[in-house]
Amino acid sequence: MDIRPARPADAAAIAAIILPVIRAGETYALDPAMPEADAIAYWMGADRETFVAEADGEILGTYYIRANQAGGGSHVANCGYMTAAAATGRGVAQAMCLHSLAHAKARGFRAMQFNFVVSTNERAVRLWQRLGFEIAGRLPGAFRHPALGFVDALVMFRALEG
């Protein structure tokens with residue numbers, strides 16, 4: 001699997017990955033009715049770097065990285081990751097996270113923080129913990145899950161060594 005910077009020509013493949021996730025409304029605090037153009041503008045915005053994970057010419061996942069905050073918080077990275085449904089369980093999210101950790105460190109970030117991990121996204125929570133993230137905070141009932149109602153959101157954090 002190759003992870004590379006996204007190009008404008010990747011927008012359709014990225015949309016095919018992110019739109020079903022956004023429409024499901026189960027893991028991201030984004031409007032499920034967000035128009036496709038707005039979703040692409042959000043994911044590939046000027047304030048972030050966007051990457052794709054590709055195997056045999058097929059884009060299997062995408063992530064973005066940006067500063068979590070401005071000014072005094074700009075040394076902490078923030079990322080969002082989405083994997084194509086057909087690629088679930090193939091290690092795409094893990095590969096993207098490992099890539100993002102190395103990229104963040106190379107860019108001079110000192111830590112990475114995920115601001116709003118939906119607690120019912122158990123696969124992601126387990127993966128982030130396996131990759132060294134700790135739950136730094138729990139926001140009770142902060143996410144309205146379409147099937148489960150109000151569930152907790154987690155703030156997860158990891159320092160980048162050295």
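Start by selecting D56: at 85% relative accessibility this residue counts as exposed (exposed is over 50% relative accessible area, buried under 20%, partly exposed in between, with a 1.4 Å probe and protein chains only). Although D56 is not a glycine, its phi is positive, about 50 degrees. You'll find D56 in the loop between strand 2 (49-55) and strand 3 (helices, H or I with at least four residues, and strands, E with at least two, are DSSP runs numbered from the N terminus). That loop belongs to the hairpin of strand 2 and strand 3, which has two residues between the strands.

A word on what you're looking at. This is a predicted model, where local features need pLDDT of at least 70 and side-chain atom pairs count only at pLDDT 80 or more, while totals for chains, interfaces and linings use all residues. Residues are numbered from 1 along each chain as its sequence is written, and side-chain values use heavy atoms, with hydrogens and water left out.

**Next stop: the sheet**

Switch to cartoon and pick out the strands. Seven of them form an open sheet with mixed pairing, in the order 1-2-3-4-5-7-6 (two strands pair if DSSP finds at least two bridges between them). Strand 1 (2-5) and strand 6 stand at the edges with a single partner strand each, so one side of each has no neighbour in the sheet. On average, neighbouring strands are turned by 25 degrees against each other, direction ignored (axes are lines fitted to C-alpha atoms, for helices over the stretch in contact, and angles run from 0 to 180 degrees between N-to-C directions).

Now walk along the sheet from the D56 hairpin. Strand 2 and strand 3 run antiparallel and are joined by seven bridges; click A53 and you'll see that its bridge partner in strand 3 is G61. Is strand 3 mostly covered or mostly open? Mostly covered, with seven of its ten residues buried. On to strand 4, which pairs with strand 3 in the antiparallel sense over seven bridges. Select R66 here, and N78 in strand 4 stands opposite. Further along, strand 5 and strand 7 are antiparallel too, with six bridges, and M112 sits opposite R158 in strand 7.

**Then the salt bridges**

How many salt bridges does the structure hold? Six (each is a side-chain nitrogen of Lys or Arg within 4 Å of a carboxyl oxygen of Asp or Glu). Keep R66 selected and add D47: these two form a salt bridge, with the closest N and O atoms 3.9 Å apart. D47 lies in the loop between helix 2 (36-43) and strand 2, and R66 in strand 3, so the pair ties together parts that are 19 residues apart in sequence. R66 itself is partly exposed, at 21% relative accessible area.

Next, show R107 and E49, whose closest N and O atoms are 2.9 Å apart in a salt bridge. R107 is in the loop between helix 3 and strand 5 while E49 is in strand 2, so this pair links parts 58 residues apart in sequence. R107 counts as exposed at 51% relative accessibility, and E49 as partly exposed at 26%.

For another pair, select R138 and D152, where the side chains meet in a salt bridge at 3.0 Å, N to O. R138 lies in strand 6 and D152 in strand 7 (residues 149-159), so parts 14 residues apart in sequence are tied together. R138 is partly exposed, with a relative accessible area of 47%. Finish with R4, D10 and E54, which salt bridges with shared partners join into one network.

**Last stop: the pockets**

Turn on a surface and look for the largest pocket, which holds about 1,200 Å³ of space. (On a 1 Å grid over the protein atoms alone, a pocket is an open set of points where a 1.4 Å probe fits, with protein on both sides within 12 Å along at least five of seven lines; lining residues have an atom within 4 Å of a point. Grid points are joined across faces, edges and corners, and the volume is the space filled by probe spheres set on them.) Of its 44 lining residues, T27, Y28, Y81, N121 and A124 are the closest to the centre. Helix 4 gives the most to this lining, with seven residues.

Finally, find the second largest pocket, with about 160 Å³ of space. Its lining includes Y28, D31, R144 and H145, and strand 6 (residues 134-145) gives the most, with three residues.
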